[in-house]
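User: Please go through this structure with me in short questions and answers. I would like a reason with each value.

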Amino acid sequence: MTNSTGRRVTANLSLTLDGRYNGPGGPGDFGAFAPYVTTEVARDHMTRIWEGATTALLGRLNAEGFMGYWPPVAEDDNADPRDRGYAKWLVDTEKVVFSTTLTEAPWERTRVVNAPAADVVAELKATGEGDILVNSSASIIKALLSADLLDRLYLMIFPEIAGGGQRLFDDGLPASKWTLTHQETGELGEVAMVYDRVR
């Protein structure tokens, strides 16, 4: 595998204390997350995530949700400047959407791929510059953890136990060591953390 550019592969995800990225109601159950996503710490964390990234990797469901919600925020003068900054970045950046059903992208600066995440990341790392951010898409994050291709994890931990829902860290992942490079705690007990892969 060629890795001449030194591009980092990063990923962000929010988790409950019991390690879940959605609640027992399924993929759309974010009840345990809602109180925390607009806190100062969460918004500052969001800015940290995208600042160095030039490519966003998204699963189809996330892409549809994000591109349905964020573009108007980019134009909204009343929105929090950090939300506006993220929204503008998402609209303007190169996007790669993983899908087995979409044949063409309904969004600008987007290409649709139906290929293993590890192969797509290897191809992206061979050209260009800037971080490759897996933007809250757990299925892609899991695939890259399995292939040990993630260099940085941006995690938000929310102080709730969901009691059900999907977990990020499944059994069977290869063992790996990480170093904590940033940590911040918010008023509601939410914790923003940045972990870098030790290689």
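User: What is the relative accessible area of Asp 170?

Analyst: In this predicted model, residues are sorted with a 1.4 Å probe on protein chains only: buried means under 20% relative accessible area, exposed over 50%, and partly exposed in between. Asp 170 counts as partly exposed because its relative accessible area is 38%.

User: What is the basis for such values, and at what pLDDT do side-chain atom pairs count?

Analyst: Residues are numbered from 1 along each chain as its sequence is written, and side-chain values use heavy atoms, with hydrogens and water left out. The model is predicted: local features need pLDDT of at least 70, totals for chains, interfaces and linings use all residues, and side-chain atom pairs count only at pLDDT 80 or more.

User: Which residue forms a salt bridge with Asp 170, and how many residues apart are the two?

Analyst: A salt bridge here is a side-chain nitrogen of Lys or Arg within 4 Å of a carboxyl oxygen of Asp or Glu. Helices (H or I, at least four residues) and strands (E, at least two) are DSSP runs numbered from the N terminus. The closest N and O atoms of the pair Asp 170 and Lys 142 are 3.1 Å apart. The link joins distant parts of the chain, with Asp 170 in the loop between β6 (152-158) and β7 (177-185) and its partner in helix α5 (residues 138-146), 28 residues apart: the partner is Lys 142.

User: Where in the chain is the salt bridge partner of Arg 152, and which residue is it?

Analyst: The two side chains meet at 2.6 Å, N to O. Arg 152 is in strand β6 and its partner in strand β8 (residues 191-198), 44 residues apart. Both ends are buried, Arg 152 at 14% relative accessibility and the partner at 15%. The partner is Asp 196.

User: Which residues do shared salt bridges join into one network?

Analyst: Side chains of opposite charge can pair when their charged atoms come close. The network arises where salt bridges share partners, and its members are Glu 40, Arg 43, Asp 44, Asp 80, Arg 82 and Asp 83.

User: How many salt bridges does a search of the whole structure find, and what is the phi of Arg 109, which takes part in one?

Analyst: The search finds 18 salt bridges. One of them pairs Arg 109 with Asp 92 at 3.5 Å between the closest N and O atoms, linking the loop between β3 (94-98) and β4 (110-113) to helix α3 across 17 residues. Most residues other than glycine have a negative phi. Arg 109 is not a glycine, yet its phi is positive, about 55°.

User: Which element gives the most to the largest nonpolar core?

Analyst: A nonpolar core is a set of buried Ala, Val, Leu, Ile, Met, Phe, Trp, Tyr and Cys residues joined through side-chain atoms within 4.5 Å. The largest has 28 residues, and those with the most contacts inside it include Leu 13, Phe 98, Ile 141, Leu 144 and Leu 150. At least two residues each come from β1 (9-16), β3, α4 (117-125), β5 (131-135), α5, β6 and β8. The most, five residues, come from α5.

User: Which residues of α5 are buried?

Analyst: The cover over the buried residues of α5 includes β1, β2 (53-59), β3, α4, β5 and β7. The residues beneath are Ala 138, Ile 140, Ile 141, Lys 142, Leu 144 and Leu 145.

User: Which element gives the most to the lining of the largest pocket?

Analyst: On a 1 Å grid over the protein atoms alone, a pocket is an open set of points where a 1.4 Å probe fits, with protein on both sides within 12 Å along at least five of seven lines; lining residues have an atom within 4 Å of a point. Points are joined across faces, edges and corners, and the space filled by probe spheres set on them gives the volume, about 1,400 Å³ for the largest pocket. Of its 47 lining residues, the closest to the centre are Phe 30, Asn 62, Phe 66, Asn 135 and Ser 136. With seven residues, the largest contribution to the lining is that of α2.

User: Ser 136 also has a positive phi; what is its value?

Analyst: Ser 136 lies in the loop between β5 and α5 and counts as partly exposed because its relative accessibility is 23%. Ser 136 is not a glycine, and its phi is about 60°.

How values were computed: Contact means heavy atoms within 4.5 Å.
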